[in-house]
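Work through the exercises below with the sequence and the model open. Each task is followed by a solution in steps.

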Amino acid sequence: MKYWAGVDVGGTKTHTIVVDVDGNIAAQTRAPTGKGGDRVVDAVVGGLVDVAAKLRIEVDGFAGVGVGIPGAVDARAGTVSHALNIGVEHLDLRARIRHRLGVCITLENDVKAATLGASKQMNHPTTPLAYLNLGTGLAAGLVLGGRLWRGNSGTAGEIGHIPVDPQGHLCSCGQRGCLETSASGAAVAREWPTKSGSAITSLLSAVEDGDPAASRVLGVVADRVATAVKVLVLTVDVGTVVLGGGLASAGDRLRSAVATSLDRDALDSVFLASLGLSNRVVLVPDPATVGALGAAIVGSEGSGDY
């Protein structure tokens, strides 16, 4: 039996899964990520050792190992840079995992890896698809012709840094009013601070209670996410835009608000109405596994040894 391992390194948790030849999950584990290169390496190593033990195989028995991680990934070099939310400025992850375990990994940006996972979950092997990750920031991944589209320099899908409001908040990228400053988990937390729990859950609860301020904040977020959907459809004409990330944990309430915003815009535009934008927006089927599943697909598609 062949197995492929996928490791999804997140800001707080590292999720490791193993899939078999039929794409079924054979084992999985979760553990805290920690901050800094040493702790990230420990989290990846620990996850792989744990799932291998569950299957009673050696770690080097996996047919392939993929790792999805935040930041700027150089897949050829096996390095990640500028992953500030996990405390990494530069990390030679492939070399360090090879040194610790004797296995070679294939590295990919976490959102791009999750895009492959979303395509698998949606059973869209050839249909153009975008995965819109609404996490701390906002970014998208694209699957075109059945393959992940990275672009010329690997920045395809970084639509969170498209400015949409010249008077908006300063973005971490140095521009002002970027999409992610008003349509991300960080944006919701800033506009609707809560002492405990999820900001988006608190916001939606307040909307259901009839709070007009909460309705205004949700309206702005939904409109900006709708803008992101329009950007993706109008640039690459994807047939499906899958909502994922922390904000998507709000479920259909968020998807419905985004669809309403798209339908409202379509009332004033025959062109937009002809595109059926609201019908293209869906929620990721299994947000808990989409990242690690995508990482396993990354592992299956490359030996990791360039």
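The exercises that follow concern a predicted model.

**Exercise 1. A helix and its ends**

Task: Find what caps the N-terminal end of helix α3, and compare the reach of α3 with the expected span.

Solution:
- Step 1. Helix α3 covers residues 110-122, which is 13 residues.
- Step 2. From the first C-alpha to the last, α3 reaches 18 Å, close to the 18 Å expected at 1.5 Å a residue.
- Step 3. The cap at the N-terminal end is Asn109, with a side-chain oxygen 3.0 Å from the backbone nitrogen of Val111.
- Step 4. Just after α3 comes Asn123, where phi is positive at about 55°.
- Step 5. Several residues of α3 are buried, among them Val111, Leu116 and Ser119.

**Exercise 2. An open sheet**

Task: Give the order of the five strands in the open sheet, and say which strands lie at its edges.

Solution:
- Step 1. The order is β11-β10-β9-β12-β13, with mixed pairing.
- Step 2. Strands β11 (147-149) and β13 (281-283) are the edges, since each of them pairs on one side only.
- Step 3. From one strand to the next, the twist averages 30°.
- Step 4. Strands β9 (residues 129-134) and β12 run parallel and are joined by five bridges.
- Step 5. Ala130 stands opposite Val241 in β12.
- Step 6. Helix α7 (residues 252-267) packs on the sheet and touches β9, β12 and β13. The direction of α7 makes about 175° with that of β13.

**Exercise 3. Salt bridges**

Task: Which residue forms a salt bridge with Arg280, and is Arg280 buried or exposed?

Solution:
- Step 1. Side chains of opposite charge can pair when their charged atoms come close.
- Step 2. The partner of Arg280 is Asp237, and their closest N and O atoms are 3.0 Å apart.
- Step 3. Arg280 lies in the loop between α8 (270-275) and β13, and Asp237 in the loop between α6 and β12, so the salt bridge ties together parts 43 residues apart in sequence.
- Step 4. Buried means under 20% relative accessible area. Arg280 has 14% relative accessibility and therefore counts as buried.
- Step 5. Asp237, at 48%, is partly exposed. Phi of Asp237 is near 55°, a positive value in a residue other than glycine.

Task: Where in the chain are Lys230 and Asp265, which meet in a salt bridge?

Solution:
- Step 1. The N to O distance between the side chains of Lys230 and Asp265 is 2.8 Å.
- Step 2. Lys230 is in helix α6 and Asp265 in helix α7, 35 residues apart.
- Step 3. Asp265 has 25% relative accessibility, so Asp265 counts as partly exposed.

Methods:
Residues are numbered from 1 along each chain as its sequence is written. This is a predicted model: local features need pLDDT of at least 70, side-chain atom pairs count only at pLDDT 80 or more; totals for chains, interfaces and linings use all residues. Side-chain values use heavy atoms; hydrogens and water are left out. Helices (H or I, at least four residues) and strands (E, at least two) are DSSP runs, numbered from the N terminus. The expected span of a helix is 1.5 Å times one less than its number of residues. Buried means under 20% relative accessible area, exposed over 50%, partly exposed in between (1.4 Å probe, protein chains only). A polar contact is a pair of N or O atoms within 3.5 Å; within protein, one must be able to donate a hydrogen and the other to accept it, and residues adjacent in sequence count only if both atoms are side-chain atoms. Two strands pair if DSSP finds at least two bridges between them. Axes are lines fitted to C-alpha atoms, for helices over the stretch in contact, and angles run from 0 to 180 degrees between N-to-C directions. Contact means heavy atoms within 4.5 Å. A salt bridge is a side-chain nitrogen of Lys or Arg within 4 Å of a carboxyl oxygen of Asp or Glu.
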